[in-house]
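Trainee: Got a minute to go through this one with me? I'd like to talk about charged pairs first, then the interface.

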Amino acid sequence: MKPVIESLFHDAATHYLKPDATVEVSQYMSSLKERTRLYRTIRDQEITWMQPIADDLEQCFPTEQIDRLENSLRNAMLSLRHCAMAMLMDDLAYLEVHFLTWFQESIEIHDTFDLDSHIHSALRQQLSQALNTSQMRLISPFLYEVESRFKPEAIINDDSLLTVAGLF
Amino acid sequence: MISIADLLVQPRLPGHYYSSQAYVQGDLEMGLLENRRGDRLLAIPSPLIEAIYSGLLRETGQAAGLVLFNCGRWWGKNFYIRFRDEVTDYYEKPLVDMSMADFLHCLKDCWATYGWGKLEFDQLHHQRGFILIRTTNSAFANSAPADYQVPACSLEAGVLSAFFSQLVGRDLHTIQTTCESLGDTCNTFIIGTRSRLDAVESMIEKRESHDSIMAVLCA
């Protein structure tokens, strides 16, 4: 939850919120209706937005294994769901702890930088067509945070050891 | 053609199972710590680890490491069962069918969320029958007595030994060649068959370097 709201619970006995904090609380509360509406839209449109991205992905990466495409699409939906939840709470830390650290490592170990960055750029395009300016302003900080993790650095895996069963 | 609706048939999109905020849950009134499946967790304070070391050294002397290793083996068996059940349930795939990349991703996250530090896996020597694990920020290394003159993470060595034995269905042993408690940058564990690792146990007691030990093992 938004850090300044959390502080209401923890510090109420010691002091009242300072004026800038009350402004922040007020801004958050007044944006909550729009955040909730946007969250519902994302939830309801997930399949509608993602299907054309999946179709385009298969055309752009015709030689890629289906498993890898599906995995990246699943991760993109996971990303969208976490961005939506973080947007609802206006909490970047939520995104970091629950998703980004894991996602960044996943991109590196599966070497899916090309697929993931392609999907996310298509997703951003879908969102910018479907959402209005103020909705985009609400979700964009979280999308940027996800996109900032796309770095073409794969961890080199030894192909001779593909599954756990291959150990020893 | 990929159908998004088909990808969403399962009840969840598998993601960061071992996210610490989601994984560790508790009930302060009951004094309970649980994981996200409701299984009990045990939190061990540093003074207890320090007390275990000092008590064992007083009672068993040089056998302290062996006692800790055997405790670790017992702990590791249960750790493996819980890890296997959780990961299999969540990702809906048997552990042995998981890719190494996914398996290691889970193990590293699990190790960190359990508060055991950072774990790295080195499979460079696996074709020679050894795998290497490196850990940092070990609570056991941090709590070892200052005059403990051999690698101090015997409990973790026991855990890794039992964990990988259960994982591959063979009796494996683990030795530790470097330790944060001795000023090394990380704790290095070599996992392999007991017959091959027994040959270098004396080199650890003599504090020979990790590279020298690997040279003998791979000769």
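Trainee: Is A:Asp44 buried, partly exposed or exposed?

Mentor: This is a predicted model, so keep that in mind throughout. A:Asp44 counts as partly exposed, because its relative accessibility is 48%.

Trainee: And which residue does A:Asp44 form a salt bridge with?

Mentor: With A:Arg43. The closest N and O atoms of that pair are 3.0 Å apart. A:Arg43 counts as exposed, at 52% relative accessibility. The cut-off for exposed is over 50%.

Trainee: How many salt bridges does the structure hold over all chains?

Mentor: There are 16 over all chains.

Trainee: Switching to chain B. What does B:Asp89 pair with?

Mentor: B:Arg37, in a salt bridge. The closest N and O atoms are 2.7 Å apart.

Trainee: Where do those two, B:Asp89 and B:Arg37, lie?

Mentor: B:Asp89 is in helix 4 of chain B. B:Arg37 is in the loop between strand 2 (32-34) and helix 3 (46-60) of chain B. The pair therefore ties together parts that are 52 residues apart in sequence.

Trainee: Are B:Asp89 and B:Arg37 buried or exposed?

Mentor: In between. B:Asp89 counts as partly exposed at 44% relative accessibility, and B:Arg37 counts as partly exposed at 38%.

Trainee: Back to helix 4 of chain B. How many residues does helix 4 have, and how far does it reach?

Mentor: Helix 4 of chain B covers residues 64-91, which is 28 residues. From first C-alpha to last, the helix reaches 39 Å. That is close to the 40 Å expected at 1.5 Å a residue.

Trainee: What follows helix 4 of chain B?

Mentor: B:Glu92. Its phi is positive, near 55 degrees.

Trainee: What about B:Asp122, which residue is its salt-bridge partner?

Mentor: B:Arg134, with the closest N and O atoms 3.0 Å apart. B:Asp122 lies in strand 3 (residues 118-122) and B:Arg134 in strand 4 (residues 131-136) of chain B, so the pair ties together parts twelve residues apart in sequence.

Trainee: Is B:Asp122 buried or exposed?

Mentor: B:Asp122 counts as buried, because its relative accessibility is 14% and the buried class is under 20%. B:Arg134 is partly exposed, with a relative accessible area of 29%.

Trainee: On to the interface. How many residues does each chain put into the contact?

Mentor: Chain B gives 41 residues and chain A gives 32. In chain B, the residues that lose the most area to chain A are B:Ile2, B:Ile4 and B:Leu13. Together they account for 22% of what that side buries.

Trainee: What area is buried between the chains, and how much of that comes from carbon and sulfur?

Mentor: About 3,200 Å² is buried between chain B and chain A. Carbon and sulfur atoms give 68% of that area.

Trainee: How many salt bridges cross the interface?

Mentor: One, by the rule used. The side chains of B:Lys108 and A:Glu105 meet at 3.9 Å, N to O.

Trainee: Which residues are linked with B:Lys108 and A:Glu105 in a network?

Mentor: B:Lys118 and B:Glu120. The four are linked by salt bridges.

Trainee: How many residue pairs are in polar contact across the interface?

Mentor: Seven, with both residues at pLDDT 80 or more.

Trainee: Which helix of chain B gives the most to the side touching chain A?

Mentor: Helix 5 of chain B, with seven residues. The residues on that side of chain B divide into 24 nonpolar, twelve polar and five charged.

How values were computed:
Residues are numbered from 1 along each chain as its sequence is written. Chains are lettered from A and ligands numbered from 1 in the order in which they are written. This is a predicted model: local features need pLDDT of at least 70, side-chain atom pairs count only at pLDDT 80 or more; totals for chains, interfaces and linings use all residues. Side-chain values use heavy atoms; hydrogens and water are left out. Contact means heavy atoms within 4.5 Å. Buried area is the accessible area (1.4 Å probe) that two parts lose on being put together, summed over both. A polar contact is a pair of N or O atoms within 3.5 Å; within protein, one must be able to donate a hydrogen and the other to accept it, and residues adjacent in sequence count only if both atoms are side-chain atoms. Helices (H or I, at least four residues) and strands (E, at least two) are DSSP runs, numbered from the N terminus. Ala, Val, Leu, Ile, Met, Phe, Trp, Tyr, Cys and Pro count as nonpolar, Asp, Glu, Lys and Arg as charged, and the others, Gly among them, as polar. The expected span of a helix is 1.5 Å times one less than its number of residues. Buried means under 20% relative accessible area, exposed over 50%, partly exposed in between (1.4 Å probe, protein chains only).
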